Amino acid sequence: MAIAGIDRKRGEVTLHLPSTDAATPWLAMRRAGDRADPIGPLGRPLAIEPRTHHLLLIAEGLSVPPLGPLTEAAIATGRRVALLLGARSAAEVYPSSLLPDELEYVVATQDGSLGHRGSVVDLVPAYEAWADQAVASGGPALLERVAHLARGRDARLGVACLGRRTARRGRRTGRVTRRSWLSVVLEQRVGCALGVCLGCVVPGASGPVRVCREGPAFRADELAWEESA
Amino acid sequence: MTLAGDARTLTDISVDLAPQRPGRLLVRTPFLAAAGCLGYGVEGEGQVPLDRFGAIVTRGVTLAPRSGSPPPRMAEVPSGLLHAIGLPGPGIEAVLERYAPRWLAWSVPVILSLCAAEAVDFGSLAQRADGVPGVAALELDLASPDLARGGRPLSLDPTLAADATAAARAATELPILVKLSPAATDLRALARALVEAGADALTCTGAMPALAMDPRGGGPLLGSAAAALSGPALRPISLRVVSEVRRAVSEPIVGCGGVSGLPDALEYLAAGADAVAIGTAALADPALPARLGDELAAHGPVARPGVTDRRRQPRTPHAARPR
């Protein structure tokens, strides 16, 4: 389940729900005027670095919706956005009619029925140098491979110091915090979503992190990749 | 908090969960937050109306720091939640140092949940908690499969369970609740042994040891084999435990398992429980224990055929039975 769009003017939030889930069909059957009592927003959202001009999005299957609000915000502020999508076949490709026209949309399918035949990860190197920020959304296998590519990019191109260096704090502690090129959105079942039950933790670079509280958006260097995939 | 005008029409729903130690664990409402579901309580401070809870049972506390189970730690199963959190925490010393001063400032009693693999360790844990201001009572978690050898919670063995209770009892005068596993079998003997060893009240029950597999052949769904089932699926099982234990002992019983509304809670009270702890449902609605208190007060006296009466009557047969 993901927030696929936010219309602040109309006070509307668009949710995308998988109908395979046990509880979400109930939510999907609500109609205008029905009342619900949600808690939120919770956790840390994706954010566009202020110096980003070219934003690269990498997603697979049904993991596009979490990138919706970020895409809209990036386009509204005049940034160029490319979305690389991987799917098993053309039938599972996210419909372009639900995406903004300004978006560059590139598709890879496992069976070659649409776009590039193979993995979406094959498409990433062509955009590596163009993009000054990347966001990946999908299963652990995809995120692991993209995170590996991102580490290679950092080694080749150097970490482009995007966004605010926390310069003031850096001076005081004697170190500059560098933002990593890649952010990821984790898909994880959460229990309480308030950071209490510790049901959704994943291994972080310095100890376990809660997807509901420290996430679900993480900078790639905040997570311990070897163990989590 | 109710309006003064309403207060007169509301039933007094307070319960003494340790009648042997009068006033030590008098809870304002019979609705408790079950262990683990509200962390150490401090996480919800300011957002959850803790002062309208009967009591808060903390996350399970161990002697040494633990990092918990590898993820994934939770899975949704039919009518329930499968969890294998693995008791992550900084250990009892750090927990008491960090949180007890804040508990002391609250009007709601805080019950410290203790977890250990060996019976004697419950003595060490109780000793550390003894006399710490802010700790109102202890709950010995003899139901959790996390630390149990071979996944056998301590309460499956009445002798070990009684040893653990006696060890804690020897170390403290605090009220002691003992949490039973729903997988325990000889319930009446177990309940009697626990009370004899010094338990003031019994919590029935913890989560049921359980398993979920990946149907695509990926092995167990959760990262640890010490998984257990909570939620509505647990309710009929725990209810039977309450009913059995009520036949054996007259000490207070805290029903726990799958309560998500007043009718569920009334089932527990009817089966012989004196209070009810809310677990899984509080994950979705942390204010539920407070709301249930309001609802029960408005509901009025609860019919508990053969339960309350039996306990308050003299032991002579037929003596106080209304004609």
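# Briefing on a predicted structure with chains A and B

At 37% relative accessibility, Leu15(A) counts as partly exposed, a class lying between buried (under 20% relative accessible area) and exposed (over 50%), with a 1.4 Å probe and protein chains only. Leu15(A) belongs to strand 2 of chain A. The model is predicted: local features need pLDDT of at least 70, side-chain atom pairs count only at pLDDT 80 or more, and totals for chains, interfaces and linings use all residues. Residues are numbered from 1 along each chain as its sequence is written, chains are lettered from A and ligands numbered from 1 in the order in which they are written, and side-chain values use heavy atoms, with hydrogens and water left out.

**Confidence in chain A**

- The average pLDDT of chain A is 83, and 86% of its residues score at least 70; pLDDT is the predictor's confidence in each residue, from 0 to 100.
- Among the elements of chain A, strand 3 (residues 54–60) has the highest mean pLDDT, 94, and helix 5 (residues 167–173) the lowest, 44.
- Over residues 161–177 of chain A, pLDDT stays under 50, and the model has 17 contacts beyond four places in sequence for them; a contact means heavy atoms within 4.5 Å.
- Where pLDDT is low, the predicted coordinates should not be read in detail.

**Overall make-up of chain A**

- Chain A contains six helices and eleven strands; helices (H or I, at least four residues) and strands (E, at least two) are DSSP runs, numbered from the N terminus.
- Of the 229 residues in chain A, 41% are buried.
- Among contacts in chain A between residues at least 6 apart in sequence, 57% join residues at least 24 apart.
- Chain A has an accessible surface of about 12900 Å², and carbon and sulfur atoms account for 52% of that surface; the areas come from the Shrake-Rupley method with a 1.4 Å probe, and for residues only the protein chains shown count as cover.

**Surface patch and a buried glutamate in chain A**

- Leu15(A) joins Met1(A), Ile3(A), Ile6(A) and Val13(A) in a nonpolar patch on the surface, with about 460 Å² of accessible area together.
- Patches consist of residues with over 30% relative accessible area and no salt bridge, where like charges are joined within 9 Å and nonpolar side chains (Val, Leu, Ile, Met, Phe, Trp, Tyr) within 5 Å.
- Strand 1 (2–7) and strand 2 (12–16) of chain A each supply at least two residues of this patch.
- Glu128(A), in helix 3 (residues 124–128) of chain A, counts as buried at 7% relative accessibility.
- Beyond its neighbours within four places in sequence, Glu128(A) is in contact with Leu149(A), Arg153(A), Arg156(A) and Trp181(A).

**Helix 5 of chain B**

- In helix 5 (residues 187–196) of chain B, the buried residues are Leu187(B), Leu190(B), Ala191(B), Leu194(B) and Val195(B).
- Seen down the axis of helix 5 of chain B, these buried residues fall within an arc of 130°, so they line one face of the helix; the arc is that of the directions from the helix axis to the C-beta atoms.
- An α-helix has 3.6 residues a turn, so residues three or four places apart point the same way.
- The buried residues of helix 5 of chain B pack against helix 4 (158–171), strand 9 (176–180), strand 10 (201–204) and helix 6 (235–248) of chain B.
- Gly198(B), just after helix 5 of chain B, takes a positive phi of about 120°.

**Salt bridges**

- Over all chains, the structure holds 22 salt bridges; each is a side-chain nitrogen of Lys or Arg within 4 Å of a carboxyl oxygen of Asp or Glu.
- Lys179(B) and Glu139(B) form a salt bridge in which the closest N and O atoms are 3.9 Å apart.
- This pair links distant parts of the chain, with Lys179(B) in strand 9 and Glu139(B) in strand 8 (residues 137–141) of chain B, 40 residues apart.
- Both Lys179(B) and Glu139(B) are buried.
- Asp214(B) and Arg216(B) meet through their side chains in a salt bridge (3.3 Å, N to O); Asp214(B) counts as buried at 17% relative accessibility, whereas Arg216(B) is exposed at 75%.
- In chain A, salt bridges that share partners join Arg44(A), Arg219(A), Asp221(A) and Glu222(A) into one network.

**A buried isoleucine in chain B**

- Ile111(B) lies in strand 7 (residues 110–114) of chain B and is buried, with a relative accessible area of 0%.
- The contacts of Ile111(B) outside four places in sequence include Leu25(B), Leu32(B), Val57(B), Glu139(B) and Leu177(B).
- Ile111(B) and Leu25(B) are 86 residues apart along the chain, and their C-alpha atoms are separated by 9.3 Å.
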